[in-house]
Amino acid sequence: MVLFLALTAFAIAIAGATAFVIFWPLTLVHLRDRHPRLVEQFGPGAFLKPVALWWLLRGDYRSASDRSLSGLATPSRISLLVILGGIAMGGVLWIIGKGLS
């Protein structure tokens with residue numbers, strides 16, 4: 001049962017990855033078009049750059065006071081949190097399952 005829950009947690013992480021792949025590129029395009037100074041901080045190819053991901057996780061997009069940016073970045077942030085949470089929970093449950101067997 002524990003390993004089933006671990007697989008379910010990894011499935012949730014995959015669902016988060018799907019949402020992330022949809023919303024994060026849209027956020028980056030919005031940044032490129034309307035906030036070029038923010039894009040300069042990330043540099044080219046910011047999709048998986050740690051600087052850009054930390055910016056997203058911290059919620060620094062709120063300082064731009066752009067409702068459209070917040071509308072795109074908030075689902076990106078939530079999906080990134082779901083990915084990290086799903087992987088962490090799945091890993092912990094997998095370790096528990098291995099310990100019980």
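Q: How many aromatic pairs does a search of the whole structure find, and what makes two rings a pair?
A: The search finds four aromatic pairs. Rings of Phe, Tyr and Trp (for Trp, its six-membered ring) pair if their centres lie within 6.5 Å; planes under 30 degrees apart count as stacked, over 60 as edge-to-face, and the rest as tilted. This is a predicted model, where local features need pLDDT of at least 70 and side-chain atom pairs count only at pLDDT 80 or more, while totals for chains, interfaces and linings use all residues. Residues are numbered from 1 along each chain as its sequence is written, and side-chain values use heavy atoms, with hydrogens and water left out.

Q: Why is the pair of Phe 20 and Trp 24 called stacked?
A: The centres of Phe 20 and Trp 24 are 6.0 Å apart, with 20° between the planes. The distance is within 6.5 Å and the angle is under 30 degrees, so the pair is stacked.

Q: Where in the helix do Phe 20 and Trp 24 sit?
A: Both are in helix H1 (residues 2-34), and because they are four residues apart, about one helical turn separates them. Helices here are DSSP runs (H or I, at least four residues), numbered from the N terminus.

Q: How do you know whether Phe 20 and Trp 24 are buried or exposed?
A: Buried means under 20% relative accessible area, exposed over 50%, and partly exposed in between (1.4 Å probe, protein chains only). Phe 20 has 6% relative accessibility, so Phe 20 counts as buried. Trp 24 has 0%, so Trp 24 counts as buried too.

Q: Why is the pair of Phe 42 and Trp 55 called edge-to-face?
A: Its planes are 65° apart, with 5.2 Å centre to centre. The angle is over 60 degrees and the distance is within 6.5 Å, so the pair is edge-to-face. Phe 42 lies in helix H2 (residues 36-42) and Trp 55 in helix H3 (residues 50-58), so the pair ties together parts 13 residues apart in sequence. Both Phe 42 and Trp 55 are buried.

Q: Which residues do ring pairs link into a cluster?
A: Phe 20, Trp 24 and Phe 47 are linked in this way.

Q: What is notable about the phi of Ser 65, and how do you know that the residue is exposed?
A: Ser 65 has a positive phi of about 55° although it is not a glycine. Most residues other than glycine have a negative phi. Ser 65 is in the loop between H3 and H4. Its relative accessible area is 69%, so Ser 65 is exposed.

Key: Helices (H or I, at least four residues) and strands (E, at least two) are DSSP runs, numbered from the N terminus.
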